[in-house]
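Trainee: I would like to go through a structure one feature at a time. Where do we begin?

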Amino acid sequence: MQTTTHQETATAVQMNRTTDQRRKPTALEQAGGTKGLVYSALPVVAFVVANNVGGLKTAIIVAVVVAVAIAANRLLRKESLQPALGGLFGVAIAAGITWYTGSAKDYFLIGIWASLAGAVLFVASVLARWPLAGLIWNAATGRGTVWRADRRSRLYYNIATLVLAFIFGARFVVQQYLYEADEVDSLGYAKIAMGYPLLAVGLLVVAWAARASDKRLKAVGLLPARGA
């Protein structure tokens with residue numbers, strides 16, 4: 001009896017490990033988890049504070065040092081380096097532009113115009129009848145493009161894509177206004193507040209669209225029903 005129990009326990013542990021290995025990381029986990037989201041805001045906060053205290057050159061140096069420290073900390077803790085390296089690269093590019101122009105507000109320039117590009121791209125994908133929310137989600141989950149065969153599924157993903165377009169567009173409008181007004185501190189706060197928090201809202205809408213689409217596709221026979 002004991003041997004059987006031990007074997008069952010070992011089998012259960014192995015099945016749990018296999019399930020964990022197969023489980024795809026969530027968007028939050030891919031971004032480095034909650035800690036990764038906090039880390040992404042630290043260079044911006046450091047830049048704004050240092051610019052007020054010691055001027056532009058100090059702000060650039062401090063922002064880069066903070067980004068490097070975050071990457072080094074992740075390396076020492078054997079955590080995922082992808083978010084840290086991406087953040088370090090972004091900070092380095094922003095710092096280089098700021099150093100070249102000599103204007104603190106230019107630290108946020110890439111992000112501002114990237115937001116506009118994102119908004120245009122999302123809207124264009126809807127007009128082309130290939131909503132990016134559907135393309136990206138179904139590519140990541142291995143569902144392919146079967147959802148495009150159903151008009152209602154396309155509608156769900158159109159809504160999600162337009163919500164993302166609105167988020168990116170709002171970022172551009174607000175931050176471009178603050179950029180033109182030379183409000184460096186407010187730019188920093190807006191970048192943080194309109195970053196991951198708003199993106200999380202957009203991802204919730206995408207998740208809603210995906211669930212609604214899957215339910216619809218199963219109902220019309222384009223996806224196998226659960227347990228089939």
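Mentor: With the word helix, which here means a DSSP run of H or I of at least four residues, numbered from the N terminus. Ser213, for example, has its place in helix H10, which covers residues 196–219. Keep in mind that this is a predicted model.

Trainee: How many helices and strands does the protein chain have?

Mentor: The count comes to 10 helices and 0 strands. Read along the sequence, the pattern of the protein chain is α-α-α-α-α-α-α-α-α-α.

Trainee: Back to Ser213: is this residue buried or exposed?

Mentor: The cut-off for buried is a relative accessible area under 20%. Ser213 has 0%, so Ser213 is buried. Across the 228 residues of the protein chain, buried residues make up 34%.

Trainee: Which residues does Ser213 touch?

Mentor: Residues up to four places away in sequence are left out of such a list. Ser213 then touches Trp147, Ser153, Tyr156 and Tyr157. With one of these, Ser153, the side chain of Ser213 shares a polar contact of 3.0 Å.

Trainee: Can we try another residue of that kind? What is the place of Thr98?

Mentor: Thr98 is in helix H5, residues 82–101. Its relative accessible area is 0%, so Thr98 is buried. A polar atom of the Thr98 side chain lies 3.0 Å from the backbone nitrogen of Tyr107. Beyond neighbours within four places in sequence, Thr98 is in contact with Phe47, Leu56, Ile60, Ser103, Ala104, Asp106 and Tyr107.

Trainee: Some of those names are nonpolar. How do I read a nonpolar core?

Mentor: The general idea is that nonpolar side chains tend to be buried together in soluble globular proteins. In this structure the largest nonpolar core has 21 residues, and Phe47, Tyr107, Phe108, Ile112 and Leu187 touch the most other members. At least two residues of this core come from each of helix H3 (33–54), helix H4 (56–76), H5, helix H8 (151–180) and helix H9 (184–193). Another core lies apart from it and has 17 residues, including Trp147, Tyr157, Leu164 and Ala209.

Trainee: Which residues does Ile112 touch?

Mentor: Not counting residues up to four places away in sequence, Ile112 touches Phe172, Gln175, Gln176, Tyr179 and Leu187.

Trainee: Next, pairs of helices. At roughly how many degrees do the axes of H8 and H9 cross?

Mentor: The axes cross at roughly 170 degrees and come within 9 Å. Angles over 145 degrees count as roughly antiparallel, and H8 and H9 are therefore roughly antiparallel to each other. The crossing in which H8 passes H9 is left-handed. On the H8 side the contact is made by Val174, Gln175, Leu178 and Tyr179, and on the H9 side by Ser186, Leu187, Ala190 and Lys191.

Trainee: And how do H7 and H8 compare with that scheme?

Mentor: The axes of H7 and H8 come within 7 Å and cross at roughly 105 degrees. That angle makes H7 roughly perpendicular to H8. Leu132, Ala133, Gly134, Trp137 and Asn138 of H7 meet Tyr157, Ala160 and Thr161 of H8.

Trainee: Val163 is in H8 too. What is its relative accessible area?

Mentor: The value is 26%, so Val163 is partly exposed. Leaving aside neighbours within four places in sequence, Val163 is in contact with Gly202 and Val205. Ala133 is 30 residues away along the chain, and the C-alpha atoms of Val163 and Ala133 are separated by 9.7 Å. For the protein chain as a whole, consider the contacts with a separation of 6 or more: residues 24 or more positions apart account for 66% of them.

Trainee: Last topic: backbone angles. What should I look for?

Mentor: Most residues other than glycine have a negative phi, so a positive value is worth a second look. Arg129 is not a glycine, yet has a positive phi of about 65 degrees. Its place is in the loop between helix H6 (109–127) and helix H7 (132–141). At 61% relative accessibility, Arg129 counts as exposed.

Trainee: Where does Asp182 lie?

Mentor: Asp182 lies in the loop between H8 and H9. Its phi is near 60 degrees, a positive value in a residue other than glycine. Asp182 counts as partly exposed, at 49% relative accessibility.

Key
Residues numbered from 1 in each chain as written. Predicted model: local features only at pLDDT ≥ 70, side-chain atom pairs only at ≥ 80, totals over all residues. Heavy atoms only, no water. Buried < 20%, exposed > 50% of the residue type's maximum accessible area, 1.4 Å probe, protein only. Polar contact = N/O pair within 3.5 Å; in protein donor to acceptor, adjacent residues only side chain to side chain. Contact = heavy atoms within 4.5 Å. Core = buried A, V, L, I, M, F, W, Y, C linked by side-chain atoms within 4.5 Å. Axes fitted to C-alpha atoms, helices over the stretch in contact; angles between N-to-C directions. Parallel < 35°, antiparallel > 145°, perpendicular 65-115°, else oblique. Left-handed = near helix turned anticlockwise from the far one by under 90°.
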